Amino acid sequence: MDGDGEIVIFLTGETVGQLKPCGCAADQLGGFEKRKTVLDTVDSERRLVVDTGHLVDGRSEQDILKYETIVHALFMLGYDAVNLDASDVEIARNSFGLANMPFAIISGSDESGEVKRSYTKILKMNGTVLPVTVGSIRSDQVTAGEVEKLFSLEGDIPGLNILLVDSCDDAVLETIAQAVDVVDVVVCPFGSDEAEIVAELPDAPLVISAGRLGKYVGKLRVKLLEGKLEFAYEKIAIDGTLKPDEELVQLYSTYQQTLKDDNYLAKVSKVPLPGGLKYAGSDKCHGCHEYNNEKWSNLKHAHAYQTLVDVTSQYDPECIKCHVVGFGYESGFSDENSSKGLRNVGCETCHGPRSQHIEDALNDDISTKKAEPVAVVSCIECHTSEHSPDYQTDVRGYWGKIVHWKEPKQNSPVK
Ligand code: HEC
Ligand code: HEC
Ligand code: HEC
Ligand code: HEC
């Protein structure tokens, strides 16, 4: 446990639906189940745990399910207060009901007045009490007067006032600085995944960000020295060294189970392919392309579906889309009952739907190629910086590993 002489404000924000890192690359940060270890280093009476909001990024059924899962997770983690943006408020209103949220909620974006704009918790430090108030305001409503209103506490015990605002713009921060007597700390979104200090100037509030996607937890340590508040802000990486909490691991399993039981794969709309084309499946290619098939079968692409099965994520639309053939198209992969040839990063993932090609080949008409697209998908659609950080720095190496052709190709980075 940290020292008695200080209190700690833990900050997170912009979860945008990230319950857990996907596991596509090594050393990815984040995951609710590991966050608990960090928060539990400080006793409840000496800590305030706040999320700045933007819990999910959309309104699909899966987003709503994630929202509910995130709310449960934040409750299990012992969050004191969660700031809701306009969309968060709307979803809470339609699912849990605002009155049933299992922690204090605040919002600067709720026009209805149902959600309070500030929250106060009394913390203890060195035997004395310190009220900590978190207020929320929308950047387009920031005026010195509005800010002061948020912190007009009854009683005159000096406290710590933290203002959450949805923009780090200079103009916004300057206006807030005019209310410097009431605001000690400003938390605004800085666009970076890391929790960090945005500005630290004399005679102005400390400006910090909470980071994104749950990769870090911001830890603001507060000391009272001769009647003055002293701050130190650091980011704590949610990495593999932290012990996962069993109950939160279970919560994620329940989420996965719901994706399966309620068949979320089927909820994703499927569109027809242009030109009447259809996916045939990788198993339809080997008769004529034995060499290519043989080579491909030994690559990791050929096991991408099993990879998801190993982590019970084969029912998750958000994972499936990069680990199979043609998800989202009528003839592409749809669920575990689909033809096995549509599993994995198969031939047609890169070479495009080949129904017409096979027909042409069978009719000995291969040279015409009709409206057939050739290599339609590029590597970076899946090998993104998030899912494959090494790809960007080693394009040649990655291409070298997928060689399944006999003749070196003109446009290939691999000769
Ligand atoms: C944007 C496309 C994309 C999405 C979405 C995606 N993956 Fe991946 N995944 C990849 C790529 C690309 C790799 C290979 C990364 C590399 O080796 O550079 C990979 C690799 C993996 C691996 C490691 C395989 C190994 O051989 O070590 C796991 C596990 C995995 N993904 C699980 C998931 C899960 C679970 C989800 C959903 C939560 C998911 N993926 C969503 C593209 C994706
Ligand atoms: C009935 C035989 C046959 C089948 C089945 C077949 N192909 Fe082909 N394919 C050919 C022939 C013939 C050519 C042209 C000669 C060559 O390059 O080998 C060809 C060429 C290709 C090429 C290189 C030229 C181009 O069009 O891009 C690709 C890629 C290809 N086929 C992919 C596939 C895939 C993927 C499948 C399975 C969905 C498949 N083929 C199924 C006979 C076939
Ligand atoms: C539809 C998404 C998708 C596309 C497109 C894609 N990949 Fe992949 N790739 C994956 C996934 C998923 C994996 C992880 C497979 C596994 O291990 O389960 C992977 C793994 C790999 C690996 C294995 C990495 C390792 O650790 O050994 C290489 C190499 C690779 N891809 C190269 C490429 C290249 C080159 C291209 C483009 C020509 C490409 N990929 C296009 C999804 C994709
Ligand atoms: C990750 C993407 C990807 C996957 C999956 C993939 N290919 Fe390819 N394939 C390519 C690329 C890219 C080339 C061209 C390489 C170049 O331009 O140097 C190619 C070349 C080919 C060729 C050209 C003919 C040759 O041998 O020279 C054939 C045929 C072919 N692939 C068939 C297949 C078949 C069959 C499968 C499945 C068993 C498959 N490919 C899976 C990306 C892929």
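1. The six donor atoms around the iron atom of ligand 3 subtend angles of 84 to 180°, which makes the arrangement octahedral. This and every other value in the note comes from a predicted model. From the protein, the iron atom of ligand 3 takes His301 (NE2) and His383 (NE2) as donors, lying 2.0 Å from it. His301 sits in the loop between helix H8 (290-297) and H9, and His383 in the loop between helix H12 (355-362) and helix H13 (395-401), so the pair ties together parts that are 82 residues apart in sequence. His301 has a relative accessible area of 23% and is partly exposed.

2. Ligand 4 also carries an iron atom, coordinated by His351 (NE2) and His404 (NE2) at 1.9 to 2.0 Å. Its 6 donor atoms subtend angles of 88 to 179°, which makes this arrangement octahedral. For orientation, ideal angles for six octahedral donors are 90 or 180 degrees. His351 belongs to helix H11 (residues 347-351) and His404 to the segment after H13; the two are 53 residues apart, and the pair links distant parts of the chain. His351 is partly exposed, at a relative accessible area of 32%. His404, at 15% relative accessibility, counts as buried.

3. At the iron atom of ligand 1, the protein donors are Cys24 (SG) and His323 (NE2), lying 2.2 to 2.3 Å from the metal. The 6 donor atoms there subtend angles of 86 to 178°, which makes the arrangement octahedral. Cys24 is in the loop between strand E1 (6-12) and helix H1 (32-39), while His323 is in helix H10; with their positions 299 residues apart, this pair links distant parts of the chain. Cys24 counts as partly exposed, at 38% relative accessibility. His323 counts as buried, at 17%.

4. Which residues come nearest to ligand 1? There are 18 residues around it, and Cys24, Cys319, Cys322, His323 and Ser388 come nearest. By class, the shell divides into 8 nonpolar, 7 polar and 3 charged residues.

5. Several side chains pair with polar atoms of ligand 1. An oxygen atom of the ligand lies 2.5 Å from a polar side-chain atom of Ser388. For Tyr398, an N or O atom of the side chain is 2.6 Å from an oxygen atom of ligand 1. The side chain of His323 has an N or O atom 3.1 Å from a nitrogen atom of the ligand. Helix H9 (304-310) and helix H10 (317-323) are the elements that give two or more residues to the shell around ligand 1. H10 gives the most, with 5 residues.

6. The chain is divided into domain 1 (6-247) and domain 2 (274-377). Their C-alpha centres lie 45 Å apart. Where does ligand 1 lie relative to domain 1 and domain 2? Both domains give residues to its shell, so ligand 1 lies between them.

7. One further residue can be placed on the model. Phe231 lies in strand E12 (residues 228-237). With a relative accessible area of 26%, Phe231 is partly exposed. Its C-alpha atom is separated by 43 Å from that of Thr312, the two residues being 81 residues apart along the chain.

Methods: Residues are numbered from 1 along each chain as its sequence is written. Chains are lettered from A and ligands numbered from 1 in the order in which they are written. This is a predicted model: local features need pLDDT of at least 70, side-chain atom pairs count only at pLDDT 80 or more; totals for chains, interfaces and linings use all residues. Side-chain values use heavy atoms; hydrogens and water are left out. A residue is near a molecule or strand if one of its heavy atoms lies within 4 Å of it. A polar contact is a pair of N or O atoms within 3.5 Å; within protein, one must be able to donate a hydrogen and the other to accept it, and residues adjacent in sequence count only if both atoms are side-chain atoms. Helices (H or I, at least four residues) and strands (E, at least two) are DSSP runs, numbered from the N terminus. Ala, Val, Leu, Ile, Met, Phe, Trp, Tyr, Cys and Pro count as nonpolar, Asp, Glu, Lys and Arg as charged, and the others, Gly among them, as polar. Domain bounds come from an automatic or database domain assignment. Donors are N, O and S atoms within 2.8 Å of the metal (3.2 Å for Na, K and Ca); water is not among the atoms, so sites may look incomplete. Four donors count as tetrahedral if all angles lie between 85 and 135 degrees; four count as square planar and six as octahedral if opposite donors are over 155 degrees apart and all others between 65 and 115; anything else is irregular. Buried means under 20% relative accessible area, exposed over 50%, partly exposed in between (1.4 Å probe, protein chains only).
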